[in-house]
Structure formats: structure tokens, C-alpha cells
Amino acid sequence: KSTALVRTLRAATWLLTVIALAGTIFIGSSACRAPTDANRLVQDAECRLDEGRSTLDVSTLSAARVRFEECVLRDQKNSGCFYGVARTDFYLGKAEETQKDKESAKKWRDTAITDVQRAIALNDRMADAHALLADLYGAKITGMFSGMQFGPKANSETQRAFQLDPNNAQAFAVVGRRYLYAPSM
């Protein structure tokens, strides 16, 4: 009887462990769950940004920007908040480009450059911020003269991102886009 009881207890323990792990995975997989800690504002903004960047929905991106701006207002020394605003501005510019509003897209790009420069001024060790700045400089290249102005800046920022993190995915994406959009020689 004792071996049957031990087997039953082991099976019950195993079943409860599987259920607990499944619940943890299910709860943990929700990127937009309501956090209870002090980072709720940033997590909500990140959730909205993730949704907005995949759909390029201006209202969702604008809501994310408002959240990141609230974060900036609460903590002027938080480089992550400025980086979040810059990323949101970058995607707002892309959304405006899809709507064929080039002037608005240019303004969002310029605003994103200012915001990411603030993030870098607060924390020069953010490889993702340097990669974003390189991407923004690359997006400003529209011809030979703008290429001469922004090309070296984009290369410098990409190199800085790789210097800080040799395996940075954002920096590799910047290099890939550079090869994709570069004119043939």
C-alpha cells in the first residue's frame, strides 16, 4: 500500500507542478498584463509601442508617446524614458510615411533624433540608443548631399553601438537596412 501511496503522491505532485508551470507560462506570456510595481507606466508605454509599431496605428503610437512623456516628466534623468519617446517618434514617422505625409514624417524623425540624443547624453552606454540614432540618420539620407552630411554620422553611431555591444541586434538591423537601401555603385 505504501508504494501505491508514494506513486499517487508523486503523480499528484507532478500534475500540480505541470499546472503551476503552465499557469506561469500563460501569465508570463502576456506582454500587456497589468503590472503592480512602480514601472507600470513604462510597461504600459512599451506594450502600446509594441502594438503600434506592428500596426503603424497613429492613435496607438500617440498613446504610447503620451505614456513615455509622462515618464520623462516624472524622471528627467531616466534615459530609458527618452529612448522610449524617440522610438515612438521613429514609428510615428514611419506611420506618416505610409500615409504619404513626408513633411510630418520628417518632423517626427527630427524630434526622434533630439529625444535619442537626450537619452544618449544621460547614458552613453545604451547600444540600442546609438543604433536608433544611426537608423534615424540613415533615414535622413535622401540624396548625395544629405548622404555626405548624415552618412558619416550614421556610420559613427553604428560603430559606437557595436563597440558597446558586439552582438546588438538593432545595430545589425541598421547595417542590413544600409545595404538594402544603399544605391548601387
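This report describes the confidence of a predicted model and its two largest pockets.

## Basis and confidence

The model is predicted, so local features require pLDDT of at least 70 and side-chain atom pairs count only at pLDDT 80 or more, whereas totals for chains, interfaces and linings use all residues. Residues are numbered from 1 along each chain as its sequence is written, and side-chain values use heavy atoms, with hydrogens and water left out.

The chain has a mean pLDDT (the predictor's confidence in each residue, from 0 to 100) of 82, with 78% of its residues at 70 or more. Among helices (DSSP runs of H or I, at least four residues, numbered from the N terminus), helix 1 (residues 2-28) has the lowest confidence in the chain, a mean of 51, and helix 5 (residues 102-122) the highest, 95. Over residues 22-31, pLDDT stays under 50; this also holds for residues 34-38.

## Largest pocket

A pocket is an open set of points on a 1 Å grid over the protein atoms alone, where a 1.4 Å probe fits, with protein on both sides within 12 Å along at least five of seven lines; lining residues have an atom within 4 Å of a point. The largest has a volume (space filled by probe spheres set on points joined across faces, edges and corners) of about 1,000 Å³. Its lining comprises 30 residues, with Gly138, Ala139, Lys140, Ile141 and Tyr181 closest to the centre.

## Second largest pocket

This pocket has a volume of about 260 Å³. Of its 14 lining residues, Phe90, Tyr91, Asp135, Gln170 and Arg177 lie nearest the centre. Helix 4 supplies the largest share, five residues.

Key:
Helices (H or I, at least four residues) and strands (E, at least two) are DSSP runs, numbered from the N terminus. Contact means heavy atoms within 4.5 Å.
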